[in-house]
Amino acid sequence: MLKLNNYDFEFDELFEESPITIEIRLRHMSDQSVEVGIKKRACWVLSEEYQELAYAHYVLENYEEAKCYLKKAAPFAYLTGFDPELKGHNNEWTIQGELNVALLFGDDSIISKLRAHADDFTTSSVTKKAIFLYDHLLIKIGTGKVPPEEEIENALTEAKSTKDKDVQQCIVPLIEAIKGLTVGDDLLWQSSIDKVIAWHADECKYGDFKEDGNAVMSLNALSMAKLGKDIHGWQCKTDSLYLPLYLIND
């Protein structure tokens, strides 16, 4: 079993109760008579349940099961993050969960739907503009649009001037990774992923991710690794349990 942080998945309870919860919530989604509020809650629960199962299986080193559950989570991550009727409340940090799961594990139809949001993307609230600007860049490059150089540089300037440790150690290198992808600089891309993973590992040991079940993987870094592979054929060389590169192999 992988030891990545202090989160207790309570495996027996999870594996016993999740199938029941999923079955109930899938019925809510398919029943036309169910009101929107219940469907909205069902979307969120299904996304969270499938992801928790994925991360639990990853910790148990059941890698194929982890990948399978992340693929099952993707449609509901899209709905709860972006569907006009069913989306929930997300700030500029929390939306990254839905966005990365949808980008990494969604099928072509989900990517196409996400692409339509690239220019009008909003969140329920924003506390750090730099993070919101990164989200915009991610949804664009993740759905096949090339972010303008000016937009990348503006986001980088904003991030570098933001007096916040997490922005400096995570968001700045993520934007630099996107810059590396757009200008073909594999060294910048690779070094940026390394920095994100170093920050993520520290957060799992000492910071906000110590008891976060979703933090057993760095999905932001994984998205950067996948984009490098898809766009340029680059192979990420970062060696970390928080970056399961097997997930982006076909």
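In the predicted model, Gly233 follows helix 10 and has a positive phi, near 75°. The helix that precedes Gly233 comprises residues 219–232. Helix 10 contains 14 residues and spans 19 Å between its first and last C-alpha atoms, close to the 20 Å expected at 1.5 Å a residue.

Several positions of helix 10 are buried, namely Leu219, Asn220, Ala221, Leu222, Ser223, Met224, Ala225, Leu227 and Gly228. The buried residues of this helix pack against helix 2 (36–59), helix 4 (95–105), helix 6 (129–142), helix 8 (165–183) and helix 9 (186–206). Helix 8, one of these partners, was examined further with respect to its geometry. The axes of helix 8 and helix 10 come within 10 Å and cross at roughly 5°. Helix 8 is therefore roughly parallel to helix 10, as angles under 35 degrees are classed in this way. From helix 8, the contact involves Leu174, Ala177, Ile178 and Leu181, which meet Asn220, Met224, Leu227, Gly228 and His232 of helix 10. By class, the residues of this contact are six nonpolar and three polar, with no charged residues. Among the helix 10 residues in this contact, Asn220, Met224, Leu227 and Gly228 are buried.

Helix 8 also packs against helix 6, at an angle of about 30° and with the two axes 10 Å apart. This angle makes helix 6 roughly parallel to helix 8. The crossing of helix 6 with helix 8 is left-handed. Helix 6 contributes Ala130, Ile131, Tyr134, Leu137, Leu138 and Ile141 to the contact, while helix 8 contributes Val167, Ile171, Leu174, Ile175, Ile178, Leu181 and Thr182. Twelve of these residues are nonpolar and one is polar, and no charged residue takes part. Leu174, Ile178 and Leu181 of helix 8 thus appear in the contact with helix 6 and also in the contact with helix 10.

A further helix pair is formed by helix 1 (residues 11–30) and helix 2, whose axes come within 9 Å and cross at roughly 150°. The two helices are therefore roughly antiparallel to each other, the angle being over 145 degrees. Helix 1 and helix 2 cross in a left-handed sense. The contact between them includes 15 nonpolar, five polar and five charged residues. Helix 2 is, in addition, one of the helices against which the buried residues of helix 10 pack.

Methods: Residues numbered from 1 in each chain as written. Predicted model: local features only at pLDDT ≥ 70, side-chain atom pairs only at ≥ 80, totals over all residues. Heavy atoms only, no water. Helix = DSSP H or I, 4+ residues; strand = E, 2+ residues; numbered from the N terminus. Expected span 1.5 Å × (residues − 1). Buried < 20%, exposed > 50% of the residue type's maximum accessible area, 1.4 Å probe, protein only. Contact = heavy atoms within 4.5 Å. Axes fitted to C-alpha atoms, helices over the stretch in contact; angles between N-to-C directions. Parallel < 35°, antiparallel > 145°, perpendicular 65-115°, else oblique. Left-handed = near helix turned anticlockwise from the far one by under 90°. Nonpolar A, V, L, I, M, F, W, Y, C, P; charged D, E, K, R; others polar.
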